[in-house]
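Here's a quick tour of the open and enclosed spaces in this protein, followed by a look at how some of its helices pack. Have the structure open as you read along.

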Amino acid sequence: MQTIELDPTLSQTLDQARQAGLTLVIGNKNYSSWSMRPWVAAVAAGIPFTEVRVLLDQPDTAANIARFSHAGRVPVLLAGEMTIWDSLAICEYLAEQFPDKHLWPQDVAARAMARSVAAEMHSGFADLRTSMSMSIKARLPGRGRTPGTQADIGRICEIWEECLARFGHHRFLFGDFSIADAFYAPVVMRFKTYGVALAPALQAYCDRMLAHPAVARWVEEAMAETEIAAVHEDELPE
């Protein structure tokens, strides 16, 4: 996987991104939970792509993202002349284009449930997102425990327990690593940052997630980042 650091003085950047193949535009790995999902899914499946990283909360962030998408957010997937600017849509596109990678479970019932829990993660858990902002480097045990966040944690635990019991077979949510796991990878990061205590089986799932090569690589690269996104730091609970 080739990585390009976006430099607004380089006119070739956008041309390179539009070349044949896939280009995934992401934010800082320490903070960008939305970017983490399709990145981890693609890396776990061995799908080659060029990575372009746009630093968040910088004076030129909006202008740099606008080079790739008018939606103004990352992640963005560039596939030839196509632009896909939503994390779930990106994963669905990858699943369609690489059916041999089995990014969704092959069993019909498992696939329906995997899509349901990924969509629930995609559209829900607002309290968790707000009160436990992702910062992989941070260690904030016990913080962010609002009633709404506790309810979100409880619901996530229910989802994990049911998926692991019905389909996971003590591995990932649906046995093999899938888009569903990629969508809950940032939650695993949050649970570690904020010291969320889990039942042994769920903690074991988190440990397996952290040990997965794609997740471990994202974490390693997040820990190596030196940039600070001030707005994201300000969102961390006191």
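## The second pocket

The second largest pocket has a volume of about 240 Å³. Keep in mind as you look around that this is a predicted model.

Who lines this pocket? There are 15 lining residues, and Lys101, His102, Trp104, Asp176 and Phe177 are the ones nearest its centre. Sorted by class, the lining comes out as 8 nonpolar, 4 polar and 3 charged residues.

## The largest pocket

Now for the largest pocket, which holds about 690 Å³ of space. Helix 2 (33-45), helix 3 (61-66), helix 6 (126-131) and helix 11 (230-235) each give two or more residues to its lining.

In total, 26 residues line the largest pocket. To find its centre on screen, look for Ser32, Trp34, Arg73, Val74 and His232, which lie nearest to it. The lining is a mix: 11 residues are nonpolar, 9 are polar and 6 are charged.

## Two cavities inside

How many cavities of 30 Å³ or more does a search of the whole structure find? The count is 2. The largest cavity has a volume of about 40 Å³, and the second largest has about 30 Å³.

Take the largest cavity to begin with. Its lining is made of Ile136, Arg139, Met189, Lys192, Thr193, Leu210 and Val219. Helix 8 (residues 179-193) gives the most to that lining, with 3 residues. By class, you'll find 4 nonpolar residues, 1 polar residue and 2 charged ones around this cavity.

The second largest cavity is lined by Leu22, Leu24, Pro38, Ala42, Phe49, Leu77, Ile90 and Leu94. Strand 2 (22-26), helix 2 and helix 4 (87-97) are the elements that give two or more residues here. As for class, the lining has 8 nonpolar residues, with no polar and no charged ones.

## Helix 2 against helix 10

Before turning to the helix pairs, here's the basic idea: two packed helices are described by the angle between their axes and by how far apart those axes are.

Helix 2, already met in the lining of the largest pocket, also packs against helix 10 (residues 213-224), with the two axes coming within 8 Å and crossing at roughly 130 degrees. Why call this pair oblique? Angles over 145 degrees count as roughly antiparallel and those from 65 to 115 as roughly perpendicular, so helix 2 and helix 10 are oblique to each other. Their crossing is right-handed.

On the helix 2 side, the contact is made by Ser35, Met36, Trp39, Val40, Val43 and Ala44. Facing them from helix 10 are Ala214, Val215, Arg217, Trp218 and Glu221. The class breakdown for this contact is 8 nonpolar, 1 polar and 2 charged residues.

## Helix 7 against helix 8

Helix 8 returns here, this time as the partner of helix 7 (residues 147-168). Their axes are 13 Å apart, and the packing angle is about 125 degrees. Helix 7 and helix 8 are therefore oblique to each other. The crossing of helix 7 with helix 8 is left-handed.

Which residues do the touching? Helix 7 brings Ile153, Ile156, Ile159 and Trp160, and these meet Tyr184, Val187, Val188 and Phe191 of helix 8. This contact has 8 nonpolar residues, no polar ones and no charged ones.

Key:
Residues are numbered from 1 along each chain as its sequence is written. This is a predicted model: local features need pLDDT of at least 70, side-chain atom pairs count only at pLDDT 80 or more; totals for chains, interfaces and linings use all residues. Side-chain values use heavy atoms; hydrogens and water are left out. On a 1 Å grid over the protein atoms alone, a cavity is a set of points where a 1.4 Å probe fits but cannot get out, and a pocket is an open set with protein on both sides within 12 Å along at least five of seven lines; lining residues have an atom within 4 Å of a point. Grid points are joined across faces, edges and corners, and a volume is the space filled by probe spheres set on the points. Helices (H or I, at least four residues) and strands (E, at least two) are DSSP runs, numbered from the N terminus. Ala, Val, Leu, Ile, Met, Phe, Trp, Tyr, Cys and Pro count as nonpolar, Asp, Glu, Lys and Arg as charged, and the others, Gly among them, as polar. Axes are lines fitted to C-alpha atoms, for helices over the stretch in contact, and angles run from 0 to 180 degrees between N-to-C directions. Angles under 35 degrees count as roughly parallel, over 145 as roughly antiparallel, 65 to 115 as roughly perpendicular and the rest as oblique. A crossing is left-handed if the near helix is turned anticlockwise from the far one by less than a right angle, and right-handed if clockwise. Contact means heavy atoms within 4.5 Å.
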